[in-house]
Amino acid sequence: MRASVNRPPTPDVGDTQEKQPTLEEIINIKFIESGEKERLMELLRERLIECGWKDEMKALCRAFVKKKGRNNVTVDDLVHLITPKGRASIPDSIKAELLQRIRTFLVSAAL
Amino acid sequence: MIFLVSQRHTGLAILLLSLMSGFNEDNKASHAQLSSQFFGDLLDSIIVDVASECHRIARLGLDRNLEEEEEELRLSAQARVRVADPSNSGESNSKYVVDIFGQTHPPVANEIFDCMNCGRSIMAGRFAPHLEKCMGKGRKARLKVTRSSTAVQNRYSQGSPVSTYSPYSNSTNTSRLSNGTSGVAGEEYSNGTFQEP
């Protein structure tokens, strides 16, 4: 399960002519085109597995599934369950490392 | 640097140029904010992936095995604690040591069977010492000569007090030699007709 589910919607021909891409979108494109986004994703995934964050999240999911029943659980339920705890329980060292790399890339891309 | 030249991006090019014009403080702040935002996006993607994976495991019922594994992990952690616990010292409980299946074993094995050499009923825990006496290490064993082994011993007896090829020579060997007796202690082919002093 490595492919990310999130994907920006395919732009229609009519839309892009009126709307200007935001800075955020430009950055996103740069990250993706250079391959840095993929590298950062893999790095973050690896770090989160190493420190046991992923196992904690999986344990949360399992507890929830046990309570609610195997066949009554949706992906949405699990996402809403994990997101607040997941964001809060990121170790500071990992966050710092990733932010450092992102900032370096932004600077090197002269953004 | 990507220079976007098409018409729809001119406004954007201006924006980029203004960013590049060196408002350092603003740059740092916006960098920090952009970085955090981007990090948040990465994290969200990973969270969705983890949720999707857990959902799949739940719906396919693959978590049955996981529960058994957890149980095993917990039991082994408990056992490790019990083993490391100094209050369960081996000396005080040596008679009633409990193994991982909860069974206790007596310190001396007490199953009884027949010795294949002499045919007597022997207790398993006493089998090794019995074999020593029965098969020839001990003093008395060399007197127990059976019909078949007599011929073998006569054939191999050298009559020499020292045999350098003895596979069973031990310390009692030298002490016997110093006493002036011939024969090599513990050797299977020692001549049984020599009388002990």
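Let's start with the aromatic rings: counting over all chains of this predicted model, there are three aromatic pairs. Select B:Phe113 and B:Phe127 to see one of them. Their ring centres sit 4.9 Å apart with the planes at 65°, and since planes over 60 degrees apart count that way, this pair is edge-to-face.

Now colour chain B by its helices and strands. B:Phe113 belongs to strand β1 (residues 112-114), while B:Phe127 belongs to helix α4 (residues 127-135), so the pair ties together parts that are 14 residues apart in sequence. Switch on the surface, too. Are these two rings buried or exposed? B:Phe127 is buried, at a relative accessible area of 17%, whereas B:Phe113 is partly exposed, at 28%.

Next, pick A:Phe31, A:Phe105 and B:Phe38. Ring pairs join these residues into a cluster.

From here, move on to the largest nonpolar core, which has 37 residues. Which helices should you highlight? Try α2 (23-34), α3 (36-50), α4 (53-68), α5 (75-88) and α6 (92-108) in chain A, then α2 (24-60) in chain B: each of them supplies at least two residues of the core. The largest share, twelve residues, comes from α2(B).

Within that core, click on A:Leu44 and A:Trp53, the residues that touch the most other members. Stay with A:Trp53 for the last stop. What does A:Trp53 contact, leaving aside its neighbours within four places in sequence? In chain A, look for A:Leu48, A:Gly86, A:Ser89 and A:Ile90. Then cross to chain B, where A:Trp53 is in contact with B:Leu43, B:Ile46, B:Ile47 and B:Val50.

Key:
Residues numbered from 1 in each chain as written. Chains lettered and ligands numbered in written order. Predicted model: local features only at pLDDT ≥ 70, side-chain atom pairs only at ≥ 80, totals over all residues. Heavy atoms only, no water. Phe/Tyr/Trp six-rings, centres within 6.5 Å; stacked < 30°, edge-to-face > 60°. Helix = DSSP H or I, 4+ residues; strand = E, 2+ residues; numbered from the N terminus. Buried < 20%, exposed > 50% of the residue type's maximum accessible area, 1.4 Å probe, protein only. Core = buried A, V, L, I, M, F, W, Y, C linked by side-chain atoms within 4.5 Å. Contact = heavy atoms within 4.5 Å.
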